[in-house]
Amino acid sequence: MLKGRDLIEPTNFTVEELDEIFALANDILNDEKKYVDVCHGKLLASLFYEPSTRTKFSFDAAMYRLGGNVLGFSDPNTSSTSKGESLADTTVVVSNYVDIIVARHPREGTAKLMSEHSRVPVINAGDGGHQHPTQTLTDLLTIQYYKHDFNNLKIGVCGDLMFGRTIHSLVKAMSRYENIEFVFISPKELSMPEYIKEEIEGKAKYSETNSLDEVIGDLDVLYMSRVQRERFVNEEEYLRLKDYFILTKEKLEKAKEDMIVMHPLPRVNEISTDVDDDKRAVYFMQGRLGMYVRMALIMKLLGVEVDD
Amino acid sequence: MLKGRDLIEPTNFTVEELDEIFALANDILNDEKKYVDVCHGKLLASLFYEPSTRTKFSFDAAMYRLGGNVLGFSDPNTSSTSKGESLADTTVVVSNYVDIIVARHPREGTAKLMSEHSRVPVINAGDGGHQHPTQTLTDLLTIQYYKHDFNNLKIGVCGDLMFGRTIHSLVKAMSRYENIEFVFISPKELSMPEYIKEEIEGKAKYSETNSLDEVIGDLDVLYMSRVQRERFVNEEEYLRLKDYFILTKEKLEKAKEDMIVMHPLPRVNEISTDVDDDKRAVYFMQGRLGMYVRMALIMKLLGVEVDD
Amino acid sequence: MLKGRDLIEPTNFTVEELDEIFALANDILNDEKKYVDVCHGKLLASLFYEPSTRTKFSFDAAMYRLGGNVLGFSDPNTSSTSKGESLADTTVVVSNYVDIIVARHPREGTAKLMSEHSRVPVINAGDGGHQHPTQTLTDLLTIQYYKHDFNNLKIGVCGDLMFGRTIHSLVKAMSRYENIEFVFISPKELSMPEYIKEEIEGKAKYSETNSLDEVIGDLDVLYMSRVQRERFVNEEEYLRLKDYFILTKEKLEKAKEDMIVMHPLPRVNEISTDVDDDKRAVYFMQGRLGMYVRMALIMKLLGVEVDD
């Protein structure tokens with residue numbers, strides 16, 4: 001039963017609960033017209049204490065496409081929710097106006113705190129470097145959409161594996177399925193932290209490399225992420241390494257015909273734009289699936305259903 | 001007849017007109033589903049030339065919950081409604097797009113000015129230190145909701161009584177009812193101004209004290225407000241006095257079982273959080289009632305009615 | 001067939017296509033209730049990379065009045081659509097969430113670029129000093145509304161004719177009709193550029209003057225625009241000339257009874273406020289017509305129709 005629950009971190013939901021959400025997301029995707037009014041009369045508060053246009057748009061679009069409405073702010077400055085008011089009080093007040101809250105905040109733990117004071121469900125849309133669970137839901141739905149199964153996959157994750165919170169969440173979430181093998185592709189300086197490896201130990205296999213080129217031919221899924229210049233000790237090191245972790249049309253030639261290329265976006269230059277037209281490049285569709293999974297999530301937490 | 005009228009200051013409406021609004025607010029509260037589409041196709045402009053997230057949210061939520069829509073801005077900078085355009089022109093233009101205007105502005109008299117140029121009703125959501133009439137409506141509805149009558153009440157107002165515009169409006173509004181007795185609780189430095197006392201002279205009784213503790217046991221309603229540090233001549237004075245005007249669980253023990261504690265929010269530290277769970281603490285419900293009274297107000301000024 | 005098309009510059013549409021839009025705008029104006037739900041379930045993204053409250057409101061109101069919804073931003077700072085993401089990527093992503101995009105950007109050519117990457121129609125709401133086609137549509141609809149015909153008109157355009165992009169577009173657009181005569185009224189320093197005159201050569205007649213007073217009696221339409229102080233070499237020159245280009249009640253006395261005074265707004269002081277009450281002053285209605293023409297445009301590009 002997901003009605004009335006919060007989503008603070010991806011592991012708040014069991015594999016079965018996630019399946020329920022993905023099934024609904026797929027049904028919405030197949031017959032969106034059926035859902036155009038299910039949230040009629042419902043109101044979502046979108047509280048962005050840190051700007052994130054893309055994430056905000058995705059939630060706003062999800063709620064509107066279900067026939068609901070949205071109020072909120074997208075900017076820490078215009079909000080200044082009040083003169084010294086505690087976040088706890090703000091949460092109580094807002095939760096008296098609306099049916100569900102989506103919150104993003106630069107401080108870790110904020111979403112949890114808000115969920116403890118809210119009278120309505122709270123969805124964490126990112127709290128600091130901590131969690132961004134709807135991105136993980138988006139990633140999982142994308143894998144299911146293209147691979148039709150969460151089991152028996154070889155998944156390459158490439159780029160900044162040290163700081164990439166999106167990738168950590170995905171790796172942990174996928175390790176809950178059967179016969180998963182990860183390939184961690186990164187410069188040594190940005191390799192997967194030990195505590196993540198320990199967490200998947202015994203659940204999934206993994207190997208490590210610094211060459212995308214050498215392993216791309218074996219993968220079912222390639223999850224790209226950004227390699228930020230600032231992470232490197234010096235410019236020279238950055239320039240020497242960055243090309244290893246850029247996906248080009250040329251590198252993609254060695255990949256399987258049914259491999260998929262994912263990316264949480266925004267992309268800077270880690271995927272060349274000439275890859276966009278390749279049918280394996282699913283990152284834009286991934287963004288679209290993110291809207292559908294949020295539609296399903298909102299419906300489940302609100303407990304609304306379509307009349308069949 | 002409230003249709004087409006403006007609300008610039010609380011006294012724009014007679015006691016009978018207020019009763020009409022409160023009756024509607026109560027009906028919405030009891031059967032919200034009935035009202036979910038009454039403002040379908042109607043548009044509200046929410047013009048906040050000064051940020052006030054809470055007030056803006058309350059109006060936005062009110063309009064959405066009636067099935068209407070909202071456009072507007074919440075920030076003086078992003079608005080810059082135009083290159084040197086007069087507020088009169090802006091008002092004409094906006095009133096050509098929408099059905100009702102809600103405006104907040106740091107300059108006194110702005111709402112009045114706008115109402116003179118608008119082709120649709122204007123609601124003052126605060127103009128400088130001047131008026132904030134929907135807060136007064138909220139306060140009145142809260143008293144009615146909990147005390148079932150506006151007459152025969154002993155009302156303590158506590159905190160900064162010198163500058164608190166919310167409190168001045170409430171005192172004036174309540175003095176229109178029968179057998180009202182006020183207790184003004186404040187440090188001498190922040191006591192109720194003479195012109196307010198003169199205004200209620202002959203209509204309501206009042207007494208003054210600087211000790212909340214001594215009078216709390218007699219009250220039917222305790223209206224708390226913030227005591228701002230900046231108001232005191234020196235820090236020493238502030239520290240000496242502030243505790244007299246903080247409501248704690250301990251002080252509340254002496255109060256009647258059916259006294260209610262009100263606060264316009266945001267609260268800083270003038271009410272301890274351990275008071276929140278007491279059933280007499282109604283300030284969060286007061287915020288919720290503020291949304292319902294705004295729903296009723298919008299309906300009345302637009303002249304829309306529910307089909308029975 | 002306008003469904004699925006973009007509007008990047010006014011000449012994207014033929015005279016016949018414009019007629020189709022104006023016919024629909026007039027029908028909406030006459031029977032707005034009929035259209036209150038035609039865009040139910042549709043979503044518009046309003047991307048303002050440069051603030052323009054008036055234009056944003058006009059589009060927002062248009063979409064809401066058709067029963068659709070709007071997401072977006074109104075401020076370059078809160079948007080920061082992402083960390084270095086290309087506008088092309090942003091466009092793909094947003095166009096995956098919505099049904100139509102309205103964009104304003106300070107850089108020329110942006111709307112065109114976006115239309116090349118969007119999966120849904122793009123409406124240019126202004127790109128730099130370049131184009132602002134819905135203002136031109138507004139101006140044309142206003143002329144049709146009051147003069148009932150686009151042909152056989154003597155049109156005075158007054159003010160800053162050198163830099164006024166709105167005026168350039170209008171002159172080009174009107175020169176597509178029969179027997180049009182322009183009177184260009186401006187100080188020499190701000191006279192109509194040669195390339196505009198060349199463009200209408202052979203299509204419409206024109207004359208030039210620096211005295212509004214001398215020609216106002218002959219005009220069917222007077223289109224006023226702002227004369228900005230900054231355009232003049234020195235203050236003295238500005239003070240000497242500005243009065244020639246200010247419309248007063250007195251000057252208006254010489255005009256025909258059925259002449260109309262238009263202005264794209266915001267107006268500063270180039271039209272005295274005592275002109276506002278004259279029935280020939282149609283600039284506020286022009287703003288209202290701008291909303292109706294945008295309603296018609298959105299319907300046509302989305303391909304939605306009212307059920308008769």
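Copies of the chain are superposed by least squares on the C-alpha atoms of residues with pLDDT of at least 70 in both. The structure is a predicted model, in which local features need pLDDT of at least 70 and side-chain atom pairs count only at pLDDT 80 or more, while totals for chains, interfaces and linings use all residues. Residues are numbered from 1 along each chain as its sequence is written, chains are lettered from A and ligands numbered from 1 in the order in which they are written, and side-chain values use heavy atoms, with hydrogens and water left out.

Two copies of a chain are related by a rotation about an axis and a shift along it. A turn of 120° with a shift of 0.0 Å along the axis lays chain C on chain A with an RMSD of 0.0 Å. This is the relation of a three-fold axis. Among the residues of chain C, Asn69(C) comes closest to this rotation axis, its C-alpha lying at 5.0 Å. The copies use different surfaces, in that 4% of the contact residues of chain C recur in chain A. The superposition of chain C on chain B likewise takes a turn of 120° and a shift of 0.0 Å along the axis, with an RMSD of 0.1 Å. For this pair, Asn69(C) is again the residue of chain C that comes closest to the rotation axis, at 4.9 Å (C-alpha). Here too the copies use different surfaces, and 4% of the contact residues of chain C recur in chain B.

At the interface with chain B, 24 residues of chain C are in contact with 24 residues of chain B, where contact means heavy atoms within 4.5 Å. The buried area between chain C and chain B is about 2100 Å², and carbon and sulfur atoms give 55% of it; this quantity is the accessible area (1.4 Å probe) that two parts lose on being put together, summed over both. Three salt bridges are found across this interface, a salt bridge being a side-chain nitrogen of Lys or Arg within 4 Å of a carboxyl oxygen of Asp or Glu. The side chains of Arg267(C) and Asp89(B) form a salt bridge at 2.6 Å, N to O. The elements that give two or more residues to the side of chain C touching chain B are α2 (53-65) and α12 (283-302) of chain C; such helices (H or I, at least four residues) and strands (E, at least two) are DSSP runs, numbered from the N terminus. The largest share, eight residues, comes from α2(C).

The interface with chain A involves 24 residues of chain C in contact with 24 residues of chain A. The area buried between chain C and chain A is about 2100 Å², with 55% given by carbon and sulfur atoms. The count between chain C and chain A is three salt bridges. Arg54(A) and Glu85(C) meet through their side chains in a salt bridge of 2.3 Å, N to O. On the side of chain C that touches chain A, at least two residues each are supplied by β1 (43-48), β2 (69-73), α3 (76-79) and α4 (87-95) of chain C. The most is given by β2(C), with five residues.
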